[in-house]
Amino acid sequence: MDLQAPNTIRITCGPGLTPYLQQEVEALGYAVEGAHETAVEIRGTPADAMKLNLYLRTANHVLLLLGEFSCVGADDLYRHVSFIDWERLLSPDGYVSVMASGDSRAIDNWLFVSRKVKDAIVDRIASAAGRRPNSGPEKNAFVVNCYWAKDRCWLYLNTSGQKLSDRGYRKMPHKAPMRETLAAGVLMAAGYDGSQPLVNPMCGSGTLAIEAALIATQRAPGLLRSNFGFMHWLGFDDPTWQTLRREAHKRKEVRTQETEVKSQEQTEKRTSIIATDIDDRALRAAEQNAKTAGVDHLIRFEQCDFADTPIPEGQGIVLLNPEYGQRLGEIGALEKTYERIGDFFKQKCPGWTGWILTGNPALAKRVGLRASRRIPFFNGPIECRLLKYELYSGTREKYARENHHDTQE
Ligand SMILES: C[S@@+](CC[C@H](N)C(=O)[O-])C[C@H]1O[C@@H](n2cnc3c(N)ncnc32)[C@H](O)[C@@H]1O
């Protein structure tokens, strides 16, 4: 087993995020060899896996293929997993966790499968080193993924360990926070690249505003984390990791200086990123989270009803993620809120592009404006749409003429 040779790297993501993940992976210079519902595949080395862990905003895990084999049952699985020289990868003093999944009809207990893989790993190390590593459910050390479909099995080293959406800045979640990876995908779908103002009423714990600030300053999200799966491998290449981190810091510093100069120029207006919420606990959580992420000075926070959010002159993106109501009693009040969002867009945001992420199509209708795009996303298990509204000033025809753009899109 030559771990340094280029091999398949499978990068997983949440449903709906594949196009954005593919965009990110290609922007880093990799050729995507396969795009699936919740993953993309490339070829690369462990050093490439480290780089992907550092830079990707929409990925969940970066998995490095260790082996692929045909497999007809649990004993067969144990035997194949035992062929790998795990003693070269994991110390007997280490800790291993196995995640098993797949779509085999023969399997109804994935816990049993992960236990079988774990047994094969620790038994092999015990026979080579005389001691067996600890094992359990924690994903903060050496992690192995096993995917079993029909009679085929793929075994991966999980180079990320914990999900990459766990950036480490959200110490205060407040209500219904969205995953950081989803927030990054939503911003990419809305065309946000940091060059335009962003206003985020109903900011909750601040995920969208914080991810926007990270994008605007080109901060690699992996710089916020100190622990990745690959750090727990025997022979972990720390010098390469430190070089990658230094390069990412350099990029961030150049971009941060540019952004901060812009912010100083705009101190009067402070137009770059504005985040507001009616709830002071949400605001406190958002401010604290932004501080932990090191971007609090780039976001103007304000406590107010969404309709009183200051909208700077000119153009930009105004993005809301309102509640969409799980219980019946809430829907009546939310209908009114969605109607008011439509009024807010019309009255206060002409010239801007409005975006709403919601999981309730009936409530979305209450906005009373025609969405020019409906982009599918998933917030956990809930299917959502990111709705785009062209908030033209004057007549629709005048807007279309000025923007050379078909409003019937
Ligand atoms: C679904 S949460 C947003 C979650 C956010 N995207 C995050 O990642 O944390 C909706 C937010 O809207 C806020 N909200 C509800 N009604 C509001 C209103 N009338 N004006 C401003 N904010 C409001 C709530 O306090 C809540 O924080």
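**The ligand shell and selected residues**

Visitor: How many residues in the shell around the ligand are nonpolar, polar and charged?
Guide: Ala, Val, Leu, Ile, Met, Phe, Trp, Tyr, Cys and Pro count as nonpolar, Asp, Glu, Lys and Arg as charged, and the others, Gly among them, as polar. On that basis the shell divides into 8 nonpolar, 5 polar and 4 charged.

Visitor: What is left out of the side-chain values?
Guide: This is a predicted model, in which local features need pLDDT of at least 70, side-chain atom pairs count only at pLDDT 80 or more, and totals for chains, interfaces and linings use all residues. Residues are numbered from 1 along each chain as its sequence is written, and side-chain values use heavy atoms, leaving out hydrogens and water.

Visitor: How many residues surround the ligand?
Guide: A residue qualifies if one of its heavy atoms lies within 4 Å of the ligand. The closest are Ser-205, Thr-207, Asp-277, Phe-306 and Asn-321. The total is 17.

Visitor: Which residue has a side-chain N or O atom 2.7 Å from an oxygen atom of the ligand?
Guide: Polar contacts are pairs of N or O atoms within 3.5 Å; within protein, one must be able to donate a hydrogen and the other to accept it, and residues adjacent in sequence count only if both atoms are side-chain atoms. Ligand nitrogen atoms lie 3.3 Å from a polar backbone atom of Ile-278 and 2.9 Å from a backbone N or O atom of Phe-306. The side chain paired with the ligand oxygen at 2.7 Å belongs to Thr-207.

Visitor: How much of the ligand's accessible area does the protein cover?
Guide: Areas come from the Shrake-Rupley method with a 1.4 Å probe; for residues, only the protein chains shown count as cover. On its own the ligand has 610 Å². The protein covers 92%.

Visitor: Where does the ligand sit?
Guide: On a 1 Å grid over the protein atoms alone, a pocket is an open set of points with protein on both sides within 12 Å along at least five of seven lines. A molecule sits in one if more than half of its atoms lie within 2 Å of its grid points. The ligand sits in the largest pocket.

Visitor: How many residues of helix 2 are buried?
Guide: Helices (H or I, at least four residues) and strands (E, at least two) are DSSP runs, numbered from the N terminus. Buried means under 20% relative accessible area, exposed over 50%, partly exposed in between (1.4 Å probe, protein chains only). Among the buried residues are Pro-46, Met-50 and Tyr-55. For helix 2, residues 46-55, the count is 8 of 10.

Visitor: Which residue's side chain does Ser-165 contact at 3.1 Å?
Guide: Ser-165 is in the loop between strand 8 (152-158) and helix 5 (180-189). Ser-165 counts as buried because its relative accessibility is 0%. The side-chain partner in the polar contact is Arg-179.

Visitor: Is Lys-150 buried or exposed?
Guide: Lys-150 lies in the loop between strand 7 (142-149) and strand 8. Lys-150 has a positive phi of about 50 degrees, although not a glycine. Most residues other than glycine have a negative phi. With 70% relative accessibility, Lys-150 counts as exposed.

Visitor: What is the relative accessible area of Gln-218?
Guide: Gln-218 is in the loop between helix 6 (207-216) and helix 7. Gln-218 also has a positive phi of about 50 degrees without being a glycine. Gln-218 is partly exposed because its relative accessible area is 33%.

Key. On a 1 Å grid over the protein atoms alone, a cavity is a set of points where a 1.4 Å probe fits but cannot get out, and a pocket is an open set with protein on both sides within 12 Å along at least five of seven lines; lining residues have an atom within 4 Å of a point.
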